[in-house]
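Hi everyone, thanks for making time this morning. I'd like to walk you through one structure, starting with a lysine. Here it is on the screen.

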Amino acid sequence: MVVLRATESTLTVTAMAKGEKTVQSSSDRLINHSESHYSKTPHQTHPDQKLSVCSKLCYAIGGAPNQVAGSATAFFLQIYLLDVAQINPFQASMVLFVGKAWGAVTDPVVGFFISKSKWTRIGRLMPWMVGCTPFVVVSYFYLWYVPPFSSGKFIWYLGFYCLYQTLITCFHVPYSALTMFLSTDQRERDSATAYRMTVEVLGTLVGAAIQGQIVASAHTLKHCSHHNVSVSLGHLGNVSGAEQGDHVVRSPAPVQDFLYHAKVVYMIAAGVIGGIFLICTLVMFLGVKEKDDPYAPRTEKPIPFHKGFMLVMRHGPYLILTAAFLFISVAIQLVQSNFVLFCTYAVDLRDHFQNIVLTILMSAAVSIPLWQWFLQRFGKKTAAYCGITWIVPFTIMLVFIPNLVVAYMVAVASGLSVAASLLLPWSMLPDVLDDFRLVNPYSKGHEAIFYSFYVFFTKFAAGISLGVSTLCLEFAGYNTGACQQPPPVAYTLKLLIGAAPVAFIVTGLMILVLYPITEEVRLKNKLALDQLRTQGLSSRPQTEDLRSSA
């Protein structure tokens, strides 16, 4: 009887979260009483769910290597494939698109296997991250290695990029889901997410700094006699140091030496970033303890993956949040992947691009605590609108006023939006999961589905946009390895940096209007979850006594 009463109480709170009219009066009294108490007393965190600063830092450091490597590939992989590896733009677009699409497909697959994983002495997620790290490092290094043959370069980079995407997914999906296994307290999770985003932005900064400073010498004009040389490096072997019309071309020997230097510096940068990956993963392993939710209701029979997937895909707040940030992340990806090409060929800032990139990321790193305070003070939805719209006027300004001073002003302002776009989706996803738990209190273990399919949709959309953007350069007449590009290429790059991201951001923010989890709803969900956990904790010993008696 006690167990039945506890179960009835649990269903009452669950129905309260769903808004069912049959129990609305008692649920409303519970909510109103709890809200009154909550408003008069400071937030209290259960000691078992309190996270130390050291744990938060170690957790945050674990996410840095993915951002370090991701920053290097986002800013430099496209120009590396075109100007150093010297594959044509169509092949480069296929590498970027197929690699991203493959990475997107592997996200739900990895999420499925994680959901089937058993708990070990170090947790359910940690073995995935630790086990795949050495293989991630090897595949990342060979992604930046130019093979000694020319006919199979496309297959080489396509294969290693797909392998890298698979392995980094095996790291990133469990790491993203780890947020839900740090603490059941919303504020502790939000605080850990803020630590994570700050360190990840710093990781992005470190990745861009290492890659940019090491490989900057590979993208200068030192191998060209004049700035108006437009002969592809691939054709220089057929000419000598002679005039061809009004173009003067250096002899092939210095060009080949310069190309060899470019290959070496890219491999050095890859080796340094690989070492950072190993060190950060070790710090996370030593400093983070993975916890299950001790107060969540448990079922005797686990729900199959396909049923859990259908439950997740029918959850409205998740679909709205994913769709909104899908468009926003595509906009940020377009800016990232085309920014170096834009500075090099569209606005003649090739000698400053690495410092402009660092300025963007430094601004983002500094502004993460600002956005964390802002979302706590004004709400996450308001923070999304204020933070992400900030980038729109400044990207347009850079396209129409392309000078160095404006570029640095735009870099500082853009960093604010980059920080908001990184922090907010990962801070809002746990709220969606809490809402899902209330609607489905006996459906556990779907955290990996939420995170993996969120990454799947954003990666797939980003892969399409990157592939299409590189294909646009092919149609515009991009010359692989040339010192200067024709005017249609510069015009295309301006569209990819200005008009296209603005259109995607506006679309994403319009979808975000429909997001239903406001601060008031989030507070009610928290109170209802506390009731569920308390009742689950009180009923569990009695259930175990009945089982032992039977």
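Let's begin with Lys-380, which counts as buried because its relative accessibility is 3%. Keep in mind as we go that this is a predicted model. So what does the side chain of Lys-380 meet in a salt bridge? The partner is Asp-431, with N and O 2.6 Å apart. Lys-380 sits in helix 12, residues 380-388, while Asp-431 belongs to helix 14, residues 404-439, so this pair ties together parts that are 51 residues apart in sequence. Asp-431 is buried as well, at 4% relative accessibility.

How many salt bridges does a search of the whole structure find? It finds five, and I'll show you two others.

One of the five joins Lys-56 and Glu-188, where the closest N and O atoms are 3.6 Å apart. Here Lys-56 comes from helix 3, residues 53-83, and Glu-188 from helix 7, residues 186-215, so the bridge links parts 132 residues apart in sequence. Are these two buried or exposed? Lys-56 is buried, with a relative accessible area of 8%, and Glu-188 counts as buried too, at 5%.

Staying in helix 7, look at Arg-196 and Glu-200. Their side chains form a salt bridge at 2.9 Å, N to O. This one is within a single helix: the two residues are four apart in helix 7, which means about one helical turn separates them. Both Arg-196 and Glu-200 are buried.

As a reminder of the chemistry, side chains of opposite charge can pair when their charged atoms come close.

Now let me step back to the whole protein. It has 550 residues, and 56% of them are buried. There are 18 helices and two strands. Of the contacts between residues at least 6 apart in sequence, 84% join residues at least 24 apart. The accessible surface comes to about 23,000 Å², and carbon and sulfur atoms account for 66% of that.

For a closer look at one helix, take helix 15, residues 447-476. With 30 residues at 1.5 Å each, helix 15 should span 44 Å, and its end C-alpha atoms are indeed 44 Å apart, so the two values agree. Helix 15 is mostly covered, with 22 of its 30 residues buried. Just after helix 15 comes Gly-477, which takes a positive phi of about 100°.

I know some of you will ask about cysteines. A disulfide is a covalent bond between the sulfur atoms of two cysteines, and the count here is zero. Why is Cys-58 not bonded to Cys-54? Cys-54 holds the closest cysteine sulfur to that of Cys-58, but the distance is 4.1 Å, too far for a bond. Cys-58 is buried, at 10% relative accessibility, and Cys-280 also counts as buried, at 12%.

That brings us to helix 8, where we find Thr-281. Thr-281 is buried at 5% relative accessibility. Leaving aside neighbours within four places in sequence, Thr-281 is in contact with Pro-65, Met-129, Val-130, Thr-133 and Phe-171.

Finally, which residues form a nonpolar patch on the surface? They are Ile-122, Val-130, Leu-282, Phe-285 and Leu-286, with about 440 Å² of accessible area together. Helix 8, residues 252-287, supplies the largest share of this patch, three residues, and Leu-282 lies in that helix. Thanks for listening!

Conventions: Residues numbered from 1 in each chain as written. Predicted model: local features only at pLDDT ≥ 70, side-chain atom pairs only at ≥ 80, totals over all residues. Heavy atoms only, no water. Patch = residues over 30% accessible without salt bridge, like charges linked within 9 Å, V, L, I, M, F, W, Y side chains within 5 Å. Areas by Shrake-Rupley, 256 points an atom, 1.4 Å probe, with all protein chains shown as cover. Salt bridge = Lys/Arg side-chain N within 4 Å of Asp/Glu carboxyl O. Buried < 20%, exposed > 50% of the residue type's maximum accessible area, 1.4 Å probe, protein only. Contact = heavy atoms within 4.5 Å. Expected span 1.5 Å × (residues − 1). Disulfide = S-S within 2.5 Å.
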